[in-house]
Amino acid sequence: MNENIKPIIEVRLDLAQSAGCDAVEPDNVDGYINTDETKGIITYDDQLNYNKWLANAAHSRGLSIGLKNDVDQLNELINDFDFAVNEQCYAYGNECVSYEDTFLKNNKAVFVQEYYEDGSEGEISQQEFENNACPYFLEAGISALWKEGFNLNGENVLSCGE
């Protein structure tokens, strides 16, 4: 694991703690699968060790921590993370089911965000969200939102059951 990043992340966790945050949700904790950007420098084990360190660093500050995406390491990280966040798991072949025997089975919350902009791969329409994804999310016990566009301005957001 690259030791250069630890002090940077520790300062950010200290900031969250001093600001009174209850939890953190670090992004890009599945860099090992993004070989276009990482060129394979980060291995599966590097990522796993970093994620475990990250969870421990958050917990040592009294912060809960959410695992963002990283579906391939759910089984190894279920005991380290308090909840899960996933972007577009339904749109990507319903990889959301991976959370059923991990986080959900262990009574840990799963939050999903689906997006739609222009119908590209990895996006689902509002109709697909309401008619197909929501029934699944409600039955599985997953909290899900759908957002038109990628601008995180709080507008054009739906939740299941609206």
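How many of the 5 residues of strand β2 (residues 64–68) are buried? The count is 4, so β2 is mostly covered, where buried means under 20% relative accessible area, exposed over 50% and partly exposed in between (1.4 Å probe, protein chains only).

Before going on, a word on the model: it is predicted, local features need pLDDT of at least 70, side-chain atom pairs count only at pLDDT 80 or more, and totals for chains, interfaces and linings use all residues. Residues are numbered from 1 along each chain as its sequence is written, and side-chain values use heavy atoms, leaving out hydrogens and water.

Now for the sheet. Helices (H or I, at least four residues) and strands (E, at least two) are DSSP runs, numbered from the N terminus, and two strands pair if DSSP finds at least two bridges between them. Here 6 strands make an open sheet, in the order β1-β2-β3-β4-β5-β6, with mixed pairing. β1 and β6 (157–159) are at the edges with a single partner strand each, so one side of each has no neighbour in the sheet. Some of the pairings look like this:

| Strands | Bridges | Direction | One facing pair |
|---|---|---|---|
| β1 (residues 23–24) and β2 | 2 | parallel | Val 24 and Ile 65 |
| β2 and β3 (residues 83–87) | 3 | parallel | Gly 66 and Phe 83 |
| β5 (residues 143–148) and β6 | 3 | antiparallel | Trp 146 and Leu 158 |

Next comes helix α3 (residues 44–59). Its 16 residues should span 22 Å at 1.5 Å a residue (taking 1.5 Å times one less than the number of residues), and that agrees with the 23 Å between its end C-alpha atoms. Buried residues in α3 include Leu 48, Tyr 50, Trp 53 and Leu 54. Their cover includes α1 (5–18), β1, β2 and α4 (74–77), judging by contact, meaning heavy atoms within 4.5 Å.

There's also a pocket to look at. The second largest one is lined by 18 residues, with Asn 28, Asp 30, Ile 33, Asn 69 and Asp 70 nearest its centre. That lining splits into 4 nonpolar, 6 polar and 8 charged residues; Ala, Val, Leu, Ile, Met, Phe, Trp, Tyr, Cys and Pro count as nonpolar, Asp, Glu, Lys and Arg as charged, and the others, Gly among them, as polar.

Finally, find Asn 107 in the loop between α5 (100–104) and β4 (110–116). Asn 107 is exposed, with a relative accessible area of 75%. Its C-alpha atom is 15 Å from that of Val 97, 10 residues away along the chain.

Definitions and conventions:
On a 1 Å grid over the protein atoms alone, a cavity is a set of points where a 1.4 Å probe fits but cannot get out, and a pocket is an open set with protein on both sides within 12 Å along at least five of seven lines; lining residues have an atom within 4 Å of a point.
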